[in-house]
Amino acid sequence: AGEAASAGVFWRRAALNRQRVENAVSLMGELDAAIAAGHIEVHYQPKLALATDRIASVEALVRWRHPDHGFVSPGAFIPLAEQTDRIGPLTLHVLAQVIADAAQWRACGHEVTAAVNISAKLLDSPAFIAAVDKLLDSAPIAPDGLIFEVTESAAMSDPATATATLRHFRNRGVAISMDDYGTGQSTLSYLRELPLSELKIDRSFVQYAHERESDAKLVCSTIELAHALGLKVVAEGIEDAENLAFLRSVSCDYAQGYFIDRPMPFDALVRRLNDRIESGRLAVQLG
Ligand code: C2E
Ligand code: MG
Ligand code: MG
Ligand code: MG
């Protein structure tokens, strides 16, 4: 009887897994159509420069407005896209949109750089690299208006190729940022080899740094290490005023998080950038 029960559990699980796989496969089948239909949007989340209280750059975060499933979070479909080789077309679509949007906010006088998340998987794809080069060649903005955010990841299956690719883009003027720093692996060798301009300390270390001694030490020593290597530091996931005050006090360069701004559509971003010029930088200082 026990055996029959466990067989039942097995088959139910198998059916659930199959359904999950089928859902995932059909979702990926829809991705190209979603891109064509304009259901893939790019939202922007500011990174605040703490020395000046200005928005120095914005991170592009992809959003899928699915007509049936509603909003599908990137946490759900990016990993799928990576597994099914749809991540290349998706990233190129995002990058093209970001370049067009950045050209517009620059035309309004906002010197704000745009950060795009690039999956480590793509760094050894010659087709992807060639397509990015083509976009950069015809872009109405200079490459130094862009940042590529990459994670220190096992997906860098071939670190030498990934490094060469990042050097190529760095040589073109694109800044390279190490995302989710502290959660990956081999951090020291990546710090030595990759042509980085910036480290983004992962939210999990930042969030309690103002109230947890050990997190504070990790954040401070990371900032010191980064500065010693000539890198700028971004703290991600700032959710309250105490946390922001702490990061100011330890000479962090940039801060990003819900307390400063949530990711927002392009129109809202442009309004935000315009407002900041008017009302100055007081709002955040008071916060
Ligand atoms: P990420 O690059 O580390 O992006 C930061 C994520 O944290 C975003 O979630 C952002 O909305 C969220 N976040 C920002 N501030 C706060 C905060 O104060 N508190 C909390 N709890 N969360 C905050 P999102 O937009 O869901 O993106 C999740 C991940 O999906 C990103 O992590 C990135 O790895 C990936 N992703 C998003 N867009 C793209 C893309 O265009 N291409 C690729 N390859 N990956 C992307
Ligand atoms: Mg990122
Ligand atoms: Mg991050
Ligand atoms: Mg993250």
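**Ligand 1 and its pocket**

The shell around ligand 1 is made up of 9 nonpolar, 5 polar and 7 charged residues. The model is a predicted one. In it, ligand 1 occupies the largest pocket, and 21 residues surround the ligand.

**Shell around the ligand**
- Arg63, Asn117, Asp179, Glu239 and Tyr258 are the closest of the surrounding residues.
- Strand 2 (54-66) gives the largest share of the shell, 4 residues.
- At least two shell residues each come from strand 2, helix 2 (74-83), helix 3 (87-107) and strand 6 (175-181).

**Polar contacts and burial**
- The side chain of Glu59 has an N or O atom 3.0 Å from an oxygen atom of ligand 1.
- For Ser119, a side-chain N or O atom is 3.2 Å from a nitrogen atom of the ligand.
- For Arg203, the distance from a side-chain N or O atom to a nitrogen atom of ligand 1 is 3.0 Å.
- Ligand 1 exposes 800 Å² when taken alone, and the protein buries 82% of that.

**The largest pocket**
- The space in the largest pocket comes to about 1100 Å³.
- The pocket is lined by 41 residues, and Glu59, Leu61, Pro74, Asn117 and Asp179 are the closest to its centre.
- Two or more lining residues come from each of strand 2, helix 2, helix 3, strand 4 (113-117), strand 5 (146-151) and strand 6.
- By class, the lining holds 16 nonpolar, 12 polar and 13 charged residues.

Technical notes. Residues are numbered from 1 along each chain as its sequence is written. Chains are lettered from A and ligands numbered from 1 in the order in which they are written. This is a predicted model: local features need pLDDT of at least 70, side-chain atom pairs count only at pLDDT 80 or more; totals for chains, interfaces and linings use all residues. Side-chain values use heavy atoms; hydrogens and water are left out. A residue is near a molecule or strand if one of its heavy atoms lies within 4 Å of it. A polar contact is a pair of N or O atoms within 3.5 Å; within protein, one must be able to donate a hydrogen and the other to accept it, and residues adjacent in sequence count only if both atoms are side-chain atoms. Accessible areas come from the Shrake-Rupley method with a 1.4 Å probe; for residues, only the protein chains shown count as cover. On a 1 Å grid over the protein atoms alone, a cavity is a set of points where a 1.4 Å probe fits but cannot get out, and a pocket is an open set with protein on both sides within 12 Å along at least five of seven lines; lining residues have an atom within 4 Å of a point. A molecule sits in a cavity or pocket if more than half of its atoms lie within 2 Å of its grid points. Ala, Val, Leu, Ile, Met, Phe, Trp, Tyr, Cys and Pro count as nonpolar, Asp, Glu, Lys and Arg as charged, and the others, Gly among them, as polar. Grid points are joined across faces, edges and corners, and a volume is the space filled by probe spheres set on the points.
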